[in-house]
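Please read these notes with the structure open beside them. They go through the fold one element at a time.

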Amino acid sequence: MHRTFLKCAAIAVAAIAAASTAGAGQLATVTLDAKALSAGGIRTVALRQVERAPRTTAFGIVLDPSSLITLSAQIAAARGKLMAAQAATALARSEAARAADLYGTQHNISQAAFQTAQSRLQVAQATQVSAQAQLGALLARGRTDWGATLGAAAASAAEPLPQLGSGTQQLVEVSLPLGQSLPSVSTSPPASTPDGKRVTLRLIGRAPRAAGGVAGPSLYYLMAAQDSAPIGTPLTVALSGPGTIAGVLVPAASVVWHDGQALVYRQSGAGTFIPVAVPSSARTRQGYFVAGGEDEALRPGQRIVVVGTALVFSASQSPPVAKAKAAKPEDDDDD
């Protein structure tokens, strides 16, 4: 199989009849004869029009949940202090009432003992008020810093706090660029890491403030452990909007990468193929969606290479070398 591939590659390069001049980092149009097409097993398909909801490209980042987890622990501790203060107040109130009864009816205790019981009640009540204020401040901080959903989770140590603490889920903040408004909220938007890894997100709720360095609105999402990425990893997220837009779906198998750019080869004539850039941000589970008007080079009905793309890509990089070899006999004649 390895020999067959090398043979096909050699045939394809040798079969280049015409190629546009390509500068550094550019790829050339490739023309292959019927023999090269057959040897390379090159096959094309026609692009079909599809519709999908419009999408807005947003920027995500994997957050460190430690401050949220710490806040939840502080809330739990403050709630414990409040409960202790309430119990102390109840006991002090009972003791003060008993002392008042003993002092007022039978004078079985001294005035000093009566006053001490009243003082203990006042101290217990003041401690309870202070504990209540501390708990209220922490709960308010949870809402203002983390929003209603995560703030409530921090207050009760409910989901997703246990998952974040155990590492089975990660917290992601997704923000829109300045000047863009949130579309209808996407519950499970497609996202990817800088190396192209696909990740799955699950909506938590809206963030109460814009992320640092980003002035647009933000949302919180959870990312499953199997899609885990280091804290601080940036993500590219596609948020869906209302309505639909028309475009074409480019199969993932037809895509090759060159200098960080996704490319496909569109057939422009018999055996002639043109490299066309595809926006990598348009990646879906089925392939790459290219909206109508985004790239007029890819339209419904046009044919692209789906089998043998690597071979065409290799030939697309080779024209300058092939032309130089073809010119050598003429140079020999001149000599």
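The points below deal with the helices, then the loop after them, then the two sheets.

1. The model is predicted, not taken from an experiment, so read every value as a computed one.

2. Start with helix 4, which covers residues 111-156 and has 46 residues. A straight helix at 1.5 Å a residue would reach 68 Å, but the end C-alpha atoms of helix 4 are only 45 Å apart. Where is the kink in helix 4 centred? The centre is G147, and the kink is about 130°.

3. Helix 4 packs against helix 3, which spans residues 66-106. The angle of packing is about 155°, and the two axes lie 7 Å apart. Angles over 145 degrees count as roughly antiparallel, and helix 3 and helix 4 are therefore roughly antiparallel to each other. The crossing of this pair is left-handed. The residues in the contact of helix 3 with helix 4 comprise 24 nonpolar, 13 polar and six charged.

4. Now look at what comes after helix 4. The residue that follows is A157, which belongs to the loop between helix 4 and helix 5. Its phi is positive, near 55°, although A157 is not a glycine. P160 has its place in that loop too, ahead of helix 5 (161-166). The peptide bond that joins E159 and P160 is cis, with omega about 10°. As background, most residues other than glycine have a negative phi, and most peptide bonds are trans.

5. One sheet is a closed barrel. How many strands does the barrel have, and in what order do they run? There are six strands, in the order 4-5-8-7-6-9, with antiparallel pairing. Neighbouring strands of this sheet are turned against each other by 40° on average, direction ignored. In general, strands of a sheet pair through backbone hydrogen bonds, either parallel or antiparallel.

6. Several pairs in the barrel can be followed residue by residue. Strand 5 (residues 169-175) is joined to strand 8 (residues 218-224) by seven bridges, and S175 stands opposite S218 in strand 8. Strand 8 also pairs with strand 7, in the antiparallel sense, over five bridges. There R206 stands opposite L219 in strand 8.

7. Strand 7 (residues 198-206) has antiparallel pairing with strand 6 (residues 190-192) as well, through three bridges. In this pair P190 stands opposite T200 in strand 7. Strand 6 and strand 7 form a hairpin with five residues between the strands. In that hairpin G196 takes a positive phi near 90°.

8. The other sheet to check is open. It has three strands in the order 3-10-14, and the pairing is antiparallel. Why is one side of strand 3 and of strand 14 left without a neighbour in the sheet? Strand 3 (49-52) and strand 14 (287-291) stand at the edges, and each has a single partner strand, so one side of each has no neighbour there. From one strand to the next, the twist averages 50°.

9. Within the open sheet, strand 10 (residues 245-251) pairs with strand 14 over five bridges, in the antiparallel sense. To locate this pair in the display, find G247, which stands opposite A291 in strand 14.

Conventions
Residues numbered from 1 in each chain as written. Predicted model: local features only at pLDDT ≥ 70, side-chain atom pairs only at ≥ 80, totals over all residues. Heavy atoms only, no water. Helix = DSSP H or I, 4+ residues; strand = E, 2+ residues; numbered from the N terminus. Expected span 1.5 Å × (residues − 1). Bend = angle between axes of the 7 residues up to and from the residue. Pairing = 2+ DSSP bridges. Axes fitted to C-alpha atoms, helices over the stretch in contact; angles between N-to-C directions. Parallel < 35°, antiparallel > 145°, perpendicular 65-115°, else oblique. Left-handed = near helix turned anticlockwise from the far one by under 90°. Nonpolar A, V, L, I, M, F, W, Y, C, P; charged D, E, K, R; others polar.
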